[in-house]
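Dear colleague,

Please find below the structure that I am handing over to you. I would be grateful if you could read the notes that follow it alongside the coordinates.

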Amino acid sequence: GGNAMAGEKYKDIVNVAHRGASGYAPEHTIASYQMGEKMHGDYIEIDLQMTKDGQLINMHDEKLDRTTDGTGLVRDFTLQQIKQLDAGTWFNEKYPQYADPEYAGLKVPTLEETFQTFGKNKSYYIETKSPDVYPGMEKELLRLINKYHINKEKLLVQSFSPQSLQIMHELDPSIKLVQLLSYKTNANITDAEIGEIKEYAVGVGPNYTYLNREYVQKVVKSGLEIHPYTVNDKETMVKLIDWGVTGMFTNFPDLLHEVKKGR
Ligand code: G3P
Ligand code: CA
């Protein structure tokens with residue numbers, strides 16, 4: 001249903017495959033990113049951590065424990081050590097309904113391997129995680145973006161840390177940035193906050209839980225993009241699109257694709 005304008009609104013919603021299609025495959029594996037592509041995710045979302053020997057790897061947690069068969073902090077292990085780990089079996093055990101024998105033994109990817117696999121014209125949505133734990137991670141990220149000639153028009157770099165984003169902005173003002181935000185109660189954003197964020201970023205990424213229509217419309221009117229995380233059911237997807245969000249993060253990019261097509 002809906003009129004032509006509403007149809008346009010749905011069509012342009014940015015579908016971010018959060019840690020890949022991580023509802024269906026082990027997060028932050030090449031398999032999960034490939035599934036995200038197949039399910040019409042526009043962006044691959046990547047969280048970065050850094051190894052003892054300074055390599056950027058794709059992992060959400062500072063610790064290896066949840067998503068591999070290893071234990072301890074990423075920063076205490078070399079890439080070679082982390083490459084010994086199994087990043088898929090945990091998923092098969094936790095989600096038997098989506099288990100696939102091919103997931104067993106999958107490796108933790110480096111950012112570099114991800115760029116090599118998907119190429120310079122893929123859309124990447126890369127988060128600097130724990131930037132205070134890994135001084136220099138922004139510089140290393142930028143080195144790899146440049147080494148692989150990543151198309152900066154299609155690239156977004158995100159962080160909860162304004163400092164990390166400001167470092168990126170100073171290193172290369174042409175890189176588009178998104179300020180992540182986390183609300184624990186009714187979301188509210190002042191004109192001053194919007195003004196500060198607009199100094200370096202093109203958008204904000206708030207948790208969807210405490211959002212409201214007024215918040216979304218205020219942000220959109222200011223000219224910022226708004227991509228809430230992490231939206232895993234169609235009802236909430238429809239509600240947020242109705243409020244005016246310009247995209248969203250989801251573990252189930254196929255669901256968001258269906259919502260977009262259904263209009
Ligand atoms: O990057 C958007 C969203 O992923 C932020 O939360 O903890 O899942 O990285 P987190
Ligand atoms: Ca993230």
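The notes below deal with salt bridges, a buried acidic residue and internal cavities.

Please bear in mind that this is a predicted model.

Salt bridges

The structure contains 15 salt bridges. Five residues, Arg-19, Glu-27, Asp-47, Asp-61 and Arg-66, are joined in a network of such bridges. Within the network, Glu-27 and Arg-19 pair through their side chains, with an N to O distance of 3.1 Å. Glu-27 has a relative accessible area of 9% and is therefore buried, the cut-off being under 20%. Arg-19 is likewise classed as buried, at 15% relative accessibility.

Two further salt bridges involve helix 6, which spans residues 137–147. In one of them, Lys-147 is bonded to Glu-112, and their closest N and O atoms are 2.7 Å apart. Because Lys-147 belongs to helix 6 and Glu-112 to helix 5 (residues 111–118), this pair ties together parts that are 35 residues apart in sequence. Lys-147 is partly exposed, with 43% relative accessibility, whereas Glu-112 is buried at 18%.

The other salt bridge joins Arg-143 to Glu-140, with 2.9 Å between the closest N and O atoms. Both residues lie in helix 6, three residues apart, which is about one turn of the helix. Here Arg-143 is partly exposed at 42% relative accessibility, while Glu-140 is buried at 14%.

A buried aspartate

Asp-254, in helix 11 (residues 253–261), may merit your attention. Asp-254 is buried but has no salt bridge. The nearest side chain of opposite charge belongs to Lys-234 and is 8.0 Å away; a salt bridge requires the nitrogen and the carboxyl oxygen to be within 4 Å. What does the side chain of Asp-254 make a polar contact with? The partner is the side chain of Tyr-24, at 2.7 Å. Apart from neighbours within four places in sequence, Asp-254 is in contact with Tyr-24 and Met-39.

Cavities

A search of the whole structure yields two cavities of 30 Å³ or more. The largest cavity holds about 50 Å³ of space. Its lining consists of Glu-27, His-28, Asn-58, Met-59, His-60, Thr-67, Thr-68, Ala-87 and Val-108. Glu-27 thus appears both in this lining and in the salt-bridge network described above.

With kind regards

Conventions: Residues numbered from 1 in each chain as written. Chains lettered and ligands numbered in written order. Predicted model: local features only at pLDDT ≥ 70, side-chain atom pairs only at ≥ 80, totals over all residues. Heavy atoms only, no water. Helix = DSSP H or I, 4+ residues; strand = E, 2+ residues; numbered from the N terminus. Buried < 20%, exposed > 50% of the residue type's maximum accessible area, 1.4 Å probe, protein only. Lys, Arg positive; Asp, Glu negative; His and termini not counted. Polar contact = N/O pair within 3.5 Å; in protein donor to acceptor, adjacent residues only side chain to side chain. Contact = heavy atoms within 4.5 Å. 1 Å grid on protein atoms, 1.4 Å probe; cavity = no way out; pocket = protein on both sides within 12 Å on 5 of 7 lines; lining within 4 Å. Points joined across faces, edges and corners; volume = space filled by probe spheres on them.
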